[in-house]
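Please open the model in your viewer and keep the selection panel at hand. The tour goes from one selection to the next and says what is there at each stop.

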Amino acid sequence: MSELKDTIVGLLLKIAPEVDAAEIKPDVDLRDQLDIDSMDHLNFVIAMAKQFGLEIPEKDYPRLTTLDDCVAYVQSHRH
Amino acid sequence: MSDFNMPSLGADMDEGEILAWKVKPGDSVRKGDVLLEVDTSKAAFDVEADHDGVVEEILVEPGRKVAVGTPIARIRQTGEALAKPAPKPVAPHLRITPLARVVAKDLGVDPAKIGRGTGIDGAITRADVERAAAKHEEPHVEKAPPPPSGADKSKREGLRDAIAAAMSRSKREIPHYYLSQTIDLEPALNWLEKLNAGRPITERILSPVLLLKAVAHAIWEVPELNGYWTDGALNQSESVHLGVAISLHSGVIAPAIHDADDMSLEQLMAALADLVQRARHGTLKASEMTDSTITVTNLGDRGPEAVYGVIYPPQVALVGFGAVMSRALVIDGQLVARRSVIATLSADHRASDGHRGGLFLRAIARLLEHPESL
Amino acid sequence: MSTLPDQARCHALYRQMLRIRRFEERCGELYKQQKIRGFLHLYIGEEAIATGVIDRLEPRDVISATYREHGHALVRGVSMRAIMAEMYGKVAGCSRGRGGSMHLFDVQRGFLGGHAIVGAGLPIAVGLAMARKRLDQGAISVCFFGEGAAAEGEFHEALNLAALWELPVLFVCENNGYAMGTALARSESQTDIHLKAQAYKIRAEVVDGMDVLAVDEAAQRAISAIRADLKPYFLECRTYRFRPHSMFDPELYREQAEVSEWKKKDPLLTFRAQCETAGLLDEAAVQAMEQEIASEIEDAVQFSEQAEWEAESDLLKDVYTPRGAP
Amino acid sequence: MSRTLSYREALHDAHFQALSEDPRVFLVGEDVNCYGGTYAVSKGLADHFGADRVIDAPLSESGFVGAGIGAAMGGLRPIVEVMTVNFSLLALDQIVNAAATLRHMSGGQISVPLVIRMAMGAGRQLAAQHSHSLEGWYAHVPGLRVVAPATVADARGMLLTALADPDPVIIFEHVGLLALTDELPDDAGAVEIDHAAVRREGSDVSLITWGGNLPKALEAARQLEAAGISAEVLDLRTLRPLDDAAIVASVSKTHRAVVIDEMWKTGSFAAEVCTRIMEQAFFELDAPLRRVCSAEVPIPYARHMELAALPSVEQIVQAATEIARHE
């Protein structure tokens with residue numbers, strides 16, 4: 001679980017290298033707290049898709065709003 | 001033989017710090033090859049060769065700060081005779097104590113800029129770093145309360161300095177006028193959703209790309225918004241290099257997407273993704289920082305409704321997009337909820353008038369009503 | 001030849017020697033199967049000494065021995081399961097798997113090792129005697145060692161200290177003629193080891209280490225003398241190791257004929273013959289012993305097979321006494 | 001109430017107290033009884049406690065150290081005095097192969113509550129077989145506890161704590177300290193031996209040492225202060241187990257360290273200390289570490305040569321200045 005979270009945080013850090021991993025709050029909108037834009041967010045979603053081998057349809061983007069969301073999303077879509 | 005000078009990487013750049021040379025004497029370079037990394041007060045940039053040749057001599061070592069225009073290397077153009085044997089390469093290793101390295105990171109000081117330290121064998125020590133940081137902060141002491149401590153503090157201040165200088169100059173020199181127009185995005189967004197539905201994630205297009213494309217094409221119709229105001233006259237640009245405002249923690253920068261008007265949506269999408277990524281990682285090229293002919297700022301789908309921006313000199317226009325949101329619009333006499341965006345134009349009245357600006361915004365609106373043509 | 005004791009004692013002595021013999025044979029097999037690793041030194045041929053001496057000790061006495069000490073531990077009452085598990089390296093072993101074949105310990109039974117530096121056990125036995133003398137007058141410290149130890153300085157230092165300080169130590173030299181592969185005459189100018197002890201004014205005698213009754217009698221003499229005056233006593237038991245020094249030994253240093261000659265003096269064979277002649281032991285009794293012993297060994301092997309390995313997380317355990325421990 | 005006493009007297013008093021308080025305690029070593037101890041530490045003790053508790057041993061280091069181990073295993077609390085660390089090499093087998101291993105080899109069944117005291121160190125023109133510093137060799141061995149009292153209070157107290165320890169403790173008494181005096185309270189007694197002690201606070205450089213070199217480090221700190229460099233002096237006190245936290249804390253404060261060790265530099269205990277700093281406090285360092293150790297030569301007899309071979313106040317000051325004046 002925390003390994004998964006760490007992996008996702010790692011992806012975030014690749015997208016937004018200025019971010020301090022320790023400061024990421026798991027339940028707050030990533031775009032708000034990390035000050036990243038839609039392009040960054042898309043890059044992040046792409047990175048998630050690659051990392052976990054997922055097909056993430058556009059309609060699911062809102063389900064990847066917070067770190068917790070992302071963890072839950074990956075868990076529910078990965079076997 | 002020709003001198004390679006410290007380039008100007010922006011109107012606000014007076015001097016640059018050489019972070020590292022990517023070439024050494026004797027290397028052959030082709031136009032566009034990265035020669036060195038330069039730190040301006042804004043960020044670090046790769047500087048490319050402006051012609052093919054062979055590097056003869058490095059004149060300024062890493063860690064030194066020199067004024068724009070100062071020769072920093074000699075590059076023999078292809079065909080020129082060898083002037084003299086190449087000097088020995090510069091030792092690249094930075095001698096710095098472990099503690100100083102940590103403190104430098106904390107204070108946001110680039111230790112490579114400090115030069116020779118006062119420690120054993122010239123090592124940079126913590127005291128050297130702290131002195132460098134203090135020097136950097138000094139001008140701010142009177143002007144503003146100290147910024148929050150943390151990583152990249154000094155970098156942040158450097159960028160703020162640059163933004164302050166450029167924006168002050170803009171507001172001092174440029175007579176802005178502002179226009180706005182609400183644009184129905186329903187057709188464009190529906191079209192885009194259909195387009196994306198059949199595509200794998202890596203090939204999907206984000207809606208801001210449509211806006212950029214519309215701006216780039218609208219410029220064809222009102223070209224006086226695209227170019228520079230220099231020496232008391234408008235120099236219209238034939239190329240459309242779209243400056244895209246990207247908000248970093250340290251401040252906003254607006255690197256260029258070259259020839260955006262010639263790009264397909266897919267190309268534009270790829271270019272934008274690449275630009276954002278590299279901006280975040282500090283690996284932009286110098287030309288990207290200087291070549292924008294018009295700037296677009298998009299505050300995103302979560303931002304405020306409209307933005308009335310300040311033009312980045314010597315450009316003459318800036319296009320802003322607020323948040324995309326549902327609004328009550330009258331379409332064919334009916335009041336309907338439509339996803340829409342408020343597009344704004346800040347333009348230099350010396351270079352254009354409000355009427356032309358209005359045409360430009362209407363062109364954008366029209367283009368977005370027929371996204372398939374983009 | 002000594003007079004035989006009663007039947008029960010004859011059975012006990014024979015049974016104890018047989019138990020060591022069968023156990024050691026099984027150890028040799030388990031070593032070949034790689035169940036037991038490291039060095040393995042078998043006591044086969046020398047069983048009469050541990051059997052004869054240790055049987056005469058009291059629970060308050062303490063024993064220190066060498067790396068060829070399985071027999072001593074068995075006679076002293078260290079459980080066969082714990083000894084076997086130790087050789088398997090299991091945490092149920094008598095030294096929690098940290099010692100192995102050469103370092104068997106059982107403090108409850110006064111069995112204090114298991115010392116694998118030749119000669120080093122002697123000074124420790126002297127110190128144990130100091131403690132016995134002060135804390136439990138009349139208790140003695142018994143030290144087993146090979147004749148090879150006589151070449152070490154510690155042998156001489158310990159003998160001198162024991163005599164000088166008048167300490168209740170029983171030194172038992174198991175002289176099997178070879179220090180690994182070096183014959184006694186090739187390493188000592190004086191091959192009568194007990195004479196060295198006498199030079200330190202220690203009472204010393206030579207004993208036929210292949211004769212359990214001779215050892216038993218000498219041990220009784222020595223032990224009662226020590227308890228009486230709390231001064232050291234030295235027994236040089238002449239014996240022979242039937243097996244190689246360890247499982248790595250190709251035995252290039254001795255003739256097979258010599259081994260065969262000594263095997264005629266096998267303490268089990270000779271004692272059994274003696275008992276049978278006297279009508280104190282018969283085939284049926286021996287078979288019964290064999291069966292009991294076989295099942296004890298089988299039980300020890302099964303126990304060791306099934307015993308747990310110590311968790312690696314306990315690696316640093318038992319280097320220091322935990323703080324706050326009594 | 002307090003009184004002034006020497007390091008030697010403190011050791012004597014500690015023995016007196018130990019022998020008085022616990023009948024299991026006895027002292028054994030060469031010339032501890034009739035002669036009064038090579039360094040007069042045990043002078044008069046036999047008169048009080050008798051020859052069977054203050055025992056003269058023959059010149060059999062392995063024998064009487066081994067006997068000490070056996071006695072400790074058997075329930076006594078022996079103090080074994082080895083005349084100098086050089087002679088302890090004759091007992092190395094017993095210390096390293098037995099004392100240090102028995103608890104472990106027996107699966108935790110056996111404790112060896114043995115105290116071994118060794119005089120050590122140079123400075124008295126005793127030449128190459130009576131002057132050496134080898135405490136780092138012993139500190140290398142798990143199962144041993146190694147302490148080095150550098151003050152009168154520690155000389156008074158460490159023996160008592162060592163005797164209470166269930167495992168073997170080696171106490172290194174530097175002969176250069178025997179005449180050191182200090183005022184101690186009358187009720188001075190056991191001291192803890194788990195932690196290093198800051199003997200002088202400072203902010204610019206840490207002088208890390210133990211035992212016989214503590215006075216040199218303190219003197220160096222005084223001289224450095226005059227030169228405007230604030231030196232902290234850390235007395236390690238216990239070399240095994242080493243108080244890493246104290247070392248890291250001091251270096252994290254000063255960001256520079258000089259380790260002073262009378263062992264030869266090659267493979268010295270100072271090397272261990274430096275390595276721990278590199279492992280645990282690398283990013284606190286603002287200058288390279290420095291070691292001041294003995295010259296790589298057996299300790300010579302001639303006075304000037306002996307002094308030249310040993311760590312000196314001047315060397316400490318120089319090393320500290322070198323790394324501290326470059327701020």
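Select strand S6 (residues 145–147) of chain D together with S7(D), and you will find the two paired in the parallel sense over 3 bridges, in what is a predicted model throughout. Within this pairing, Arg145(D) is the residue that stands opposite Val169(D) in S7(D). Now add helix H8 (residues 152–164) of chain D to the selection, since S6(D), H8(D) and S7(D) make a right-handed β-α-β unit.

Next, keep S7(D) and bring in strand S5 (residues 115–120) of chain D, which runs parallel to S7(D) and is joined to it by 6 bridges. Here Met118(D) is placed opposite Phe172(D) in S7(D).

Then show S7(D) with its surroundings: 6 of the 6 residues of this strand (residues 169–174) are buried, so S7(D) is largely enclosed by the rest of the structure. In a regular strand the side chains alternate between the two faces of the sheet. For S7(D), both faces are covered, with Val169(D), Ile171(D) and Glu173(D) buried on one side and Ile170(D), Phe172(D) and His174(D) buried on the other.

Finally, turn to the side of chain D that touches chain C, where 32 residues of chain D are in contact with 37 residues of chain C. The elements giving two or more residues to this side of chain D are helix H3 (61–73), helix H5 (92–99) and helix H6 (102–105) of chain D, and H3(D) gives the most, with 10 residues. Coloured by residue class, this side of chain D divides into 12 nonpolar, 17 polar and 3 charged residues.

Methods. Residues are numbered from 1 along each chain as its sequence is written. Chains are lettered from A and ligands numbered from 1 in the order in which they are written. This is a predicted model: local features need pLDDT of at least 70, side-chain atom pairs count only at pLDDT 80 or more; totals for chains, interfaces and linings use all residues. Two residues are in contact if their C-beta atoms, placed from the backbone, lie within 7 Å. Helices (H or I, at least four residues) and strands (E, at least two) are DSSP runs, numbered from the N terminus. Ala, Val, Leu, Ile, Met, Phe, Trp, Tyr, Cys and Pro count as nonpolar, Asp, Glu, Lys and Arg as charged, and the others, Gly among them, as polar. A residue is buried if 20 or more other C-beta atoms lie within 10 Å of its own, exposed if 12 or fewer, and partly exposed in between; C-beta atoms are placed from the backbone. Two strands pair if DSSP finds at least two bridges between them. A crossover is right-handed if, with the strands pointing away from the viewer, the path from the first strand over the helix to the second runs clockwise.
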